[in-house]
Structures are given as structure tokens and as C-alpha cells.
Amino acid sequence: MPILKPADFHILLALAGGPLHGYAIMKQVERDTGGEVILEIGSLYRLLDRLVSDGVIDHVDSADERRRYFRITAAGRKALKSEAARLANVITLVRARKLLPEADV
Amino acid sequence: MMRLLVKHLIRLFPADFRDSYGADMLATFEDRWRERPGPRTAARILIDLVQSVWLERRGNSKGDRSMRTVWQDARFALRTLRKSPGFATIVIVTLALGIGVNTAMFSVANRVLWASLPFAQPDRLVSVDEVEPQDPDAVWGATYPSFREWQAQTGSLESMSAVSWTNRVLREGSEPVRVRGASVSHEFFPLLGVQPELGRVFTPDDDKTGASAVIVLSHEMWTTRFGADPAILGRTVHFDGVAPTVVGVMPATFRYPPRTEYWLPMAAVTSPSLTARWDFWMLSTIGRLKPGRTGQDVASEVSGIMARVLQAHPEARRGHIIRVRPLRDDLGSDLRPALLILMGGVGLVLLIACGNVASLMLVRATARTRELVIRAALGAGRRRLVRQLFTEGAMLALCGGIAGVGLAVLTTRWLPLLSRDWRLANVPIDASVLLFALIATAFTCLLFGVLPAMRATRVETGDALRSGARGSQSRQRAAAQQVLVTAEVALCVVLLVASALLLQSWRRVLHVDPGFRADGLAILRVNLPPTYKDDASIQGFYSRATTQIAGLPGVTGVTLTTSLPISGGDGTGDLTIEGNPAAPGELGAVTTRSTTPDYFNVMGIPLVRGRTFGEHDDASRQPVAIINQAMMRRFWPHQDPVGKRIKIGTRNLADWMTIVGVVKDVRNDGLSSDIGYSAYLPFAQGPDRGMELAVRTPGNPQGLLPTITAQLRRMEPALLIDRAQTMQARIDESVAPRRLNLVVLGLFAGLALLLSAVGLYGVVAFAVRQRTQEFGIRMALGATSGNVALLVLRQGLGLAAAGLTLGIPAAIAASRLLSSLLFGVTTTNPAVLASVALLLTAVTLAACWIPAWRATQIRPTEALRAE
């Protein structure tokens, strides 16, 4: 599995909790990253379009006609899990080499 | 407006992308915009969209029709602009200057005046101070006991804290250094809503008289002075006089008051004899408003509390009023007047730049009428033509904008070269200002480039082809252009007058007599360690030091004082005069400094009456003082003050001092500030560990500093030595803000003059081209080339004169705003106005020279044949 780019990872992470529409994804990512990553609409939809064509997310039919909801696919979940595992491993390494205080993580 | 812009930008995405997500994107945008509107978000969204369109299109180059046309237009516009590089360059440079300096200036203002403080709900933070009623900038702050009263009784504040600067000598590294910190009451951190990075902040128990001293470090101090030691908590920090234990470290983002390195609990580190006094203004206060309450509420409450306090404690009476203002304003209050004026100036530059671009675009539109009409005749649709012109304008605006951003970034980087003010270092470019300047100039470009062209394409094709470019329309345009240039000149005059006034003030300030001989003085500030416990040991060291330094080659005099002239910061105390029944504080405050006997001799301060100090004026004798002329003029205008007795400081604590002499006034607080009452006391009657040293030399004082420093270090390795410089350097430092204003406003005026000259040149050159035939006829009928040149110059001078006529009254009106920055000049100074008029005339003549010369080169036969 290739390493996910941070923005992709955060979108998948946001969708892991259930289907969301564009703005909800934007806000969830902003919250998750403490305001570090704010995806404005241009970038957001380009990423969503690419993730859809990669098959890690897809569209959902919804009652709300104005909005399009996105949800994570099985392939997406797999990618997310393997990336999370990779990150967890990185943190263990960083801690083992005393680069981060325990309390900070 | 914003929604329309976003909608159009979304349309630029490739068709399939647009079909799948277009509507959804717009809906998402609307949500975002509703929740967080504002220029910042707008800039982010727009920049991101443009970039995304670009990336998406590059990856997907099939392209659809609308996009192809855009590219075609852009390429065509580039080609046409490349054909008239002079025009394009001038427009782009003008735009870049206008956008660049405005963005830089507003970014500074945003940083210094408007950026909100990085604390929780910063709008509810206020500062509360006692100030002088006539001059609210004369801030006294508060005494410790009245702060406690305010804190206990003010209902409209959620919480209140005391803050006060403290400069302590740190002895941790190889050499001692003076480190800036703050002593604060324990409410300070919770009030601002900040949490420590390590450990804890102060508890109420830490902030008590007699409590063992603790300290909270800034992230900066922790990393630079303690190597970010993870075991810092519990460590002792060695300052002179106090050795607190570290209990916490604040995160890097928290540095308040600005540039503070550490915080100490106020009550624990301040002598109880000071915290108990109702007439010792030692702190300022900050407060957090309760929701819905205003600063006005606090001011009236605190004024009421103060009225009761003054009943009970008459010694606190000074006739002060209470001033409450947003805490935010404390940061830039000293720079505010200058910044507001400079922003006005830079706004004028932007207007002039827009005027120039407008005038250039008008000329171009006129010159191109025929091209457009031909294209229309060949079948180009009007929409298509307008669109192409629009693209051209947009390309110019874009290039100008990019160059402007570059210029703004460079300008903010260079600012620290002009001023050492920390607030001007690392100024971030403000996106909203950039966007504003871009839109303003792009609007000018488009309005004046596209509108005339649109009208041109509406003319009857046949008419335009027949009559060339000299129809009634071109006359209208010439008139519009002249109005624009006259306005530019008028605005330019305003800026020129303002900077000429600043220049004049600057020269006046430099000619102020400082009251002492400033050349040939090397100065240093020194501080002995607390191991020098008693007056005798301190005096012993300094007497040895002066003898040794006096023996160095090239030294003709050495003296010591608690504070040298110019930079202010002296101790002050209330004046009491024997036999005068005035209440405490009623006679005003006197600044004091202790000096060695030869101070007046070494500094070159003339004695007016009586005597200077002698070696016998020591602790065993009656306390004596020397006063300045200002004090003599006010209190003993017709008598000899020598022999009179005064007290300086709290009446029941201070000793009577006998006046033994009067010396000439010295500018202790800087060249342009008023001379207050000041008194000199003998060093031997009140020695201090911290002193300033002045060394006179007939040679180069700068070259002497290393020798003096080395000598002092040899005598006492633990001696703190800082601010080693020449007296001249200290004077230069004191006038640096004034110089900065002058340089920046002068720069703006220079830009304005340059742009106006270009504008004048454009109008006159265009007129010459239009009048080629007329000049040809005149010359054929016998006019000399001199006659023709005069005609051209006269037009230019006419415009300049019109500009001056409008500009001078405007400048006089506007320069009233400048008065706070002026020194020794009136705003209607005739010499200033005359020199501005002269400069403008010279520049006008220079700008008209080339067109006038060109007019004289017209050959009558060719000119007549031309059409």
C-alpha cells in the first residue's frame, strides 16, 4: 500500500465515522488537525474527485438533493488502517529515540 | 459579489468535473462563507480556486471551448503588449509601486495597530490607568494599594491583574546580562486564558509578601538560556538580589508583555515598603470585561472607587483621571500618529498610481480606435473585442500585482534596516490588503482600458475609418487625461509639502542645543554584583575605576552618573520647598540623578550660579543638590536659590537638601522633548551599584570603548557592562523614529513625484503627437522651433500650475494632521511651500523636455503630408 498524503489521510479519517457532505468534511478535517489543515473548496473537490477515481471513497444517494454525500469504501478503510498503523509505528520509534516527551502525544 | 466570483471561477473547471461537482461546490462555499465571512477567508478561497482550476486543467488538457478562447485572448494580449513594451512596462511598474508600498504599509499597520492579541476573547481585555487630564498619554499607571481596591470593587470586570516591567541582572552564563521580564500579580495568566507548557503558573500563595520567590520562564528564555533543559522545574535562577525557583515554562506563542523573558510574582519580589504606598505608581493594570460591559462602565466605576480612596489617603491626590482602553492599543500607541499619517501618504501614492494607469490606458485606447474598428469591420463580434481588451487589462493588472507582491515582501524585509523597532521586524504580508490593492488597480485598468474601447467599437465603422483618431471623442479623452494629471499633481503637492515639513523639523531637531558637549564622549552602563554590599565598597570600586580609566591614553575626563542625558528614564520624585505650603505633588515632579563632582566639567554643562559638588560633599555632610535653570526660573525667578532647602520624594521619608548651585538646562529626555525640573545629587551621598560612565576624549570615542571595557573587566569580572556606545550614537538612536518617519514619507513623496512626472510626460507627449499637423502648419507659416517648444512647455507648466493651485491649500489643510510629528515649524511655512513649488516646476520642465524637443524636430512638409 502506498503512503497516503496527509490531506488524503485526513479526508478518509473524517469519513471513517460515516458519510458526510463536502462542508462537513472540510470542518471535520479542520477540527481533527487543530486548524492546521483547512481544505478550501477548490482543493477539497479536486482531492475528492481523485479519491473517487482511486476507488477509496464513493458517492452516496441522499435525500438532500442539493448536496452530494461521500462515504469510505472497503478499499479506503484498508488504506486508512494501514496508514494509521504506519503512523503509530513511527510514533513508537520517535518516542523510543526520545524525540518527543511522553506527555505530548 | 463573492458568490458571483466563486460561481464564475467554478465554471472554469473542465466540463466533466464541473458537471459532477459544480453545484455541490457552490453549496459548500455558501456554508463556509456564512460561517466565516471576511477578507481573509475570501482571499484563501479565491487563491485556492484559481490554483485548483489551473492544476485540474493542466492534468486534463482536452479543454473545452470557453477555455480555449481564454488562452487565445491571453496569448494575443501578451503579443500586443510585447509590441508596445514601453507602455506595458510603465503600467506594470506603476501598478507594482502602488500595490507594493500600500501592501507593505498596511501590513505594518495591521501588525502594530489592529492585529488582535493572541489570547482568549481579546476584545474583552482592557488596560486601566491613572493618566494626566490634559495629556492622556502621560500614563502614571496605578499604586499597588489602589490596584487592590480597584480589583476588589470593580463589578464590570471579571478579573484584574497588575503588570510591571522589571529589568534584572542574570548571572547564569560566563558574563552577566540584563534580562527584561515582568512582575505580575497571580491573576495574570488565568486572566489572559493561557496555560503553561511545563509546570504551573502562580498561585495566590506565591504572590504574597514574604513568599519564597518563584519564576515562570518564557519558552524563549528556557531554550536560549537553559538549553531547553527538560529538568528545569525546581531549578534556581540566579538574578542579582533574588534567586527564584522555576515553577513553569510558557509556550513559545505566549510573550506578554511583548518581549518579556520571564514572569515573577509581584508581591513576593517587591519590597513591602513600596507595595504599601499610596503615592508610588509602580504598575499598570489589565482587566477582563464581563460580557456586555464596556470600558466606559469600568472607567466610571474605578473613578468612583478612586474618589473614596482619595478621601482616605490624601497623599494619593494628583488630579489624575482614569483611562480605560482596549489592551490591544497599548502595543502601538506611540507609533499610531506616525503610522496613520504614513498610511494617508501611501493612499495618495495609490491614487496617483491609479490616475497614471487610467491616463495611460486612455491614451492607448485612443491610439487603438482604428485597429478596433477595422477588426469590427472584418467581422469580430463586439463581445469578442471587449473581451480581448478586458484580457489585456487583466494581464497588466496581474503582472503589476505579482511585481507588487514582490515589492511588498522586499519592503517588509528591508524595514529592519531603517528601524530597530522590534515591531517592524518580520512583518507578515497582509492578504486582505493585497487583495484590496489588487482589486483597486485592476478596476482602474479595466475601467479606463475597456470602457473607452467599448465606446470606440460602437462608432459607425465608416466614420471612424475616415476621420482617423482626431474626432470629438479624442478631445474628450484629452480633457479627461488633463483632469487626471492635474489631480495627480495636486496630490503629489500634498505629499511633498508634508515631507518638506518633516525634513525641516528634522533639521531643527538636529540643531537643538542638548545643553552639554555631545561630541567626544564614550559612554557605558555598568552594574556591580550584590557582593558589593555597603556604600563604602561600591564607592571604593567606582573611585578606583575612574582613576584607572582616567589614566588610559587619550582620556581627558571620566565621570559617573545614575543616568546620562538624552535617553530619559531618570528617577522622579515630588518636589517640596521649605516654607512653601503646597500639597504633595502640587509643585510637580523633579527628575534626579546622582553624579560625581566632575560631572558638569566632563559633560560640558555650564554652571550658572553657586558651586558644583566637591569631594567633601559626602555622606558625613549635609545633603546638597544642584538644580537646573528651568527649576530656578519657575520657583525663584527673582531670588537666588542657592542656600534654599528642598525635598524630593515622599515628604515624610525624604531628607532636606540644600541647593548649592544652578546649572544650564540639559535635554535629558531627548532633543525634541520639553525640559522639566531636574536636580543633581552627589554620588557620595547616595551611591548605587548601577551607574553610567562617561569618558571624554579629544580623539575617537568609539575606538576607546574596547580599552575601557577591558580595563573594567580586569578590575571586576562580575561587573555587568552594556550599552557601550558613543554619546552621538545615543542621540542618533533617540531621533531614529523621527528619521524613520521622514525617510518613509520622503520615499512616498519621491514616488508620487516620479509618477506625476510620468503622468505629465504622458499628457504632453500625447498632445504633441496629436498636434503634429498643427505644429507643421505653424512652422510652415514661420514659427521658429523655439516658439513651438514654448507652446509645449507652456501646456506642461499650465498643468503643474493648476495642480499647485489645488494642491497647496489641500496641503495646508492636510498638514494640520501632521502637527504631532512637527518640531519648530508651522504648517504654513512660506519657505517650505516655495521650495515645493520650485521643485515641482523643475520636474515639470524636465518631464516636458523630450516632447518639446520632439515637437521642434517636426518637418512641416512631412507633417502636412502625414494624413
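Visitor: Which residues in α22(B) do Ile90(B), Thr94(B), Leu97(B) and Val101(B) in α5(B) meet?

Guide: Keep in mind that this is a predicted model. The four residues you list sit in α5(B). Their partners in α22(B) are Phe748(B), Leu751(B), Leu755(B) and Val758(B).

Visitor: By class, how many residues in the contact of α5(B) with α22(B) are nonpolar?

Guide: Let's sort them. There are no charged residues in this contact, and one is polar. The nonpolar count is seven.

Visitor: What is the orientation of α5(B) relative to α22(B)?

Guide: Look at the axes of α5 (residues 85-114) and α22 (residues 727-770) of chain B: they come within 12 Å and cross at roughly 155°. Angles over 145 degrees count as roughly antiparallel. So α5(B), set against α22(B), is roughly antiparallel.

Visitor: Is the crossing of α5(B) and α22(B) left-handed or right-handed?

Guide: Handedness is another way to describe this pair. For α5(B) and α22(B), the crossing is left-handed.

Visitor: Which helix gives the largest share of the side of chain A that touches chain B?

Guide: Over at this interface, 13 residues of chain A are in contact with 17 of chain B. On the chain A side, α2 (22-32) and α3 (41-54) each supply at least two residues. The largest share is six residues, and it comes from α3(A).

Visitor: And how many residues on the side of chain A that touches chain B are charged?

Guide: Split that side by class and you get four nonpolar and three polar residues. The charged ones number six.

Visitor: Which element of chain A has the highest mean pLDDT?

Guide: Chain A as a whole has a mean pLDDT of 83, with 87% of its residues at 70 or more. Among its elements, strand β2 (residues 57-60) has the lowest mean, 87. The highest, 90, belongs to strand β3 (residues 69-72) of chain A.

Methods. Residues numbered from 1 in each chain as written. Chains lettered and ligands numbered in written order. Predicted model: local features only at pLDDT ≥ 70, side-chain atom pairs only at ≥ 80, totals over all residues. Axes fitted to C-alpha atoms, helices over the stretch in contact; angles between N-to-C directions. Parallel < 35°, antiparallel > 145°, perpendicular 65-115°, else oblique. Left-handed = near helix turned anticlockwise from the far one by under 90°. Contact = placed C-beta atoms within 7 Å. Nonpolar A, V, L, I, M, F, W, Y, C, P; charged D, E, K, R; others polar. pLDDT = per-residue confidence, 0-100.
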